Amino acid sequence: MAVSPNSDNIYLATEAPELGQSGILVVDADGDKPTTTIALGHLIFDLALSRNGDRLYASDVSGLIGGQSGVLVVDTDTNSVVTTVPLSNRSFVTGLALTPDGRHLYAADFTLTRPSNSTVTVIDTKDNSVDATIVANGQTLTALAAASRGHKVLAVNSVLSLGHDSTVDVIDTRTNTIDDSITVQFFPLSIATQPAGSRGDDDDRDNHEGDHDH
Amino acid sequence: MRKFLQSVFCSRRSVAFTLSTGLCLAAMVMTPLSALAKANNNAYVPNNNGTLSVIDTRTNTVIATIPGGFNHPFCATVSPNGKLVYVCSEDNSIKVVDTETNTISASIALPGAIGFIGNEGAGPSVAFSRHGERAFVVTSGGGVSSTLYTINT
């Protein structure tokens, strides 16, 4: 789920093709406007919205039904997919994390082969090219979050096995390498940090046009 | 929105009331300072066994593990001001965690499972508005429809 900066639009990811509802739903927060669908037919798991709201990134897990998995880049003015960054076919693209400056998108995925490969792909949002591919320590990355003003991205390396703790792997975004690992507990599916731009140490001006009027 | 309204209010008032201008300037200076004090450097990880791990991202260490109260939690979202974490629980509720005390301060009951129909259990089922006045959560009612709820935070 993602919320546009003015809260007018709520973006919902859905992956229920049997209901004819797969894709990205754009829902009016006040219920005044009809719901529209972007990327109809694609199975979408996670969403990330650029800070100014003009680009929406969606993790596409269509490889699970014979399509292509990857990251969809959506222009929110036209509600259309402008490009696709393909990842491993038949992989489950789970977490997405934008760095606070919006210049890089980190996307986690794992393949459905056994043993599975789990990677984090670093996408340059300027031209949507792949900057780096980081091989994760474990087999099932389930979520990502940016931290430390974008100097780190945290990757949840989840283990669905009793008696085995999961870890949070720490990616140094300057080198795009994993340089630390933090032990957590059983089978986490999510990780949350304070959103970029709402912290006192971030530049928040782009969100307060009205502040400059006087 | 709060800053925007405040700036409009102040600029209009300042024309007529010198005293109000002074008060407004004070308020505007204080806003970034208070925001700075609320920076939250933690990451929150809901573990399926019913706990929430709190990681200090500056030191990469777990500084707290909040026990109990969560029913197979599967998603977490931090409010824009860093003061709250909304944690999705499988008992159709959002547990509200106070990040100053690392305790559950409230529970918001929902009429259905959290998550879009066909996407239950996915991480991103709760989101805050840009300035945190509202939160949005989607639930599936057990049939073929989903409902979007707005929470006044």
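Is G41(A) buried or exposed? I looked this residue up before anything else. G41(A) is exposed, because just 12 other C-beta atoms lie within 10 Å of its own, and a residue counts as exposed at 12 or fewer. Its place is in the loop between β4 (36-38) and β5 (44-49) of chain A. I also checked G41(A) against V27(A), 14 residues apart along the chain, and found their C-alpha atoms separated by 17 Å.

**Entry: how far to trust the model**

A reminder to myself that this is a predicted model. The scores are ipTM 0.89 and pTM 0.84. For chain A, the mean pLDDT is 87, and 89% of the residues reach 70 or more. For chain B, the average pLDDT is 74, with 66% of the residues scoring at least 70.

Then I asked where the confidence drops. In chain A, pLDDT stays under 50 over residues 200-214, and the model has 26 contacts beyond four places in sequence for this stretch. In chain B, residues 1-37 stay under 50, and here the model has 28 such contacts. I leave the details of both stretches alone, because predicted coordinates should not be read in detail where pLDDT is low.

Among the elements of chain A, strand β7 (residues 70-75) has the highest mean pLDDT, at 98, and β2(A) has the lowest, at 88.

**Entry: L12(A)**

Since β2(A) had come up, I picked a residue from it. L12(A) sits in strand β2 (residues 9-14) of chain A. L12(A) is buried, because 26 other C-beta atoms lie within 10 Å of its own and the cut-off for buried is 20 or more. L12(A) and M1(A) are 11 residues apart along the chain, yet their C-alpha atoms are separated by 4.7 Å.

**Entry: the sheet around β14(A)**

Next I traced an open sheet in chain A. Four strands form it in the order β13-β14-β15-β16, with antiparallel pairing. Its edge strands are β13 and β16 (177-183) of chain A, each of which pairs on one side only. Neighbouring strands of the sheet are turned by 25 degrees against each other on average, direction ignored.

I went through the pairs one by one.

- Strand β13 (residues 141-147) of chain A pairs with β14(A) in the antiparallel sense over six bridges, and L144(A) has A155(A) as its bridge partner.
- β14(A) pairs with strand β15 (residues 167-172) of chain A, antiparallel over six bridges, and here A155(A) has D169(A) as its bridge partner.
- β15(A) and β16(A) pair in the antiparallel sense over six bridges, with T183(A) as the bridge partner of T167(A).

The hairpin of β13(A) and β14(A) has four residues between the strands, and S148(A) takes a positive phi near 50 degrees there.

Why is β14(A) largely enclosed by the rest of the structure? Six of the six residues of this strand (residues 152-157) are buried, so the rest of the structure largely encloses it. I checked both faces: K152(A), L154(A) and V156(A) point one way, V153(A), A155(A) and N157(A) point the other way, and all are buried.

**Entry: A155(A) and the core**

A155(A) kept turning up, so I listed what it touches beyond four places in sequence: A108(A), V120(A), A136(A), L141(A), L144(A), V168(A), D169(A) and I171(A). A155(A) is also one of the residues with the most contacts inside the largest nonpolar core, alongside M1(A), I24(A), L47(A) and A58(A). This core has 87 residues. β13(A) gives the most to this core, with six residues.

**Entry: a second hairpin**

Strand β11 (residues 118-124) and strand β12 (residues 129-135) of chain A pair in the antiparallel sense over six bridges. I123(A) stands opposite V130(A) in β12(A). Four residues lie between the strands of this hairpin, and N128(A) takes a positive phi near 55 degrees.

**Entry: a look at chain B**

What does chain B hold in the way of helices and strands? I found two helices and 11 strands. Along the sequence, the pattern is α-α-β-β-β-β-β-β-β-β-β-β-β. Chain B has 153 residues, of which 37% count as buried. Of the contacts in chain B with a separation of 6 or more, 35% come from residues 24 or more positions apart.

Notes
Residues numbered from 1 in each chain as written. Chains lettered and ligands numbered in written order. Predicted model: local features only at pLDDT ≥ 70, side-chain atom pairs only at ≥ 80, totals over all residues. pLDDT = per-residue confidence, 0-100. Contact = placed C-beta atoms within 7 Å. Pairing = 2+ DSSP bridges. Core = buried A, V, L, I, M, F, W, Y, C linked by C-beta atoms within 7 Å. Axes fitted to C-alpha atoms, helices over the stretch in contact; angles between N-to-C directions.
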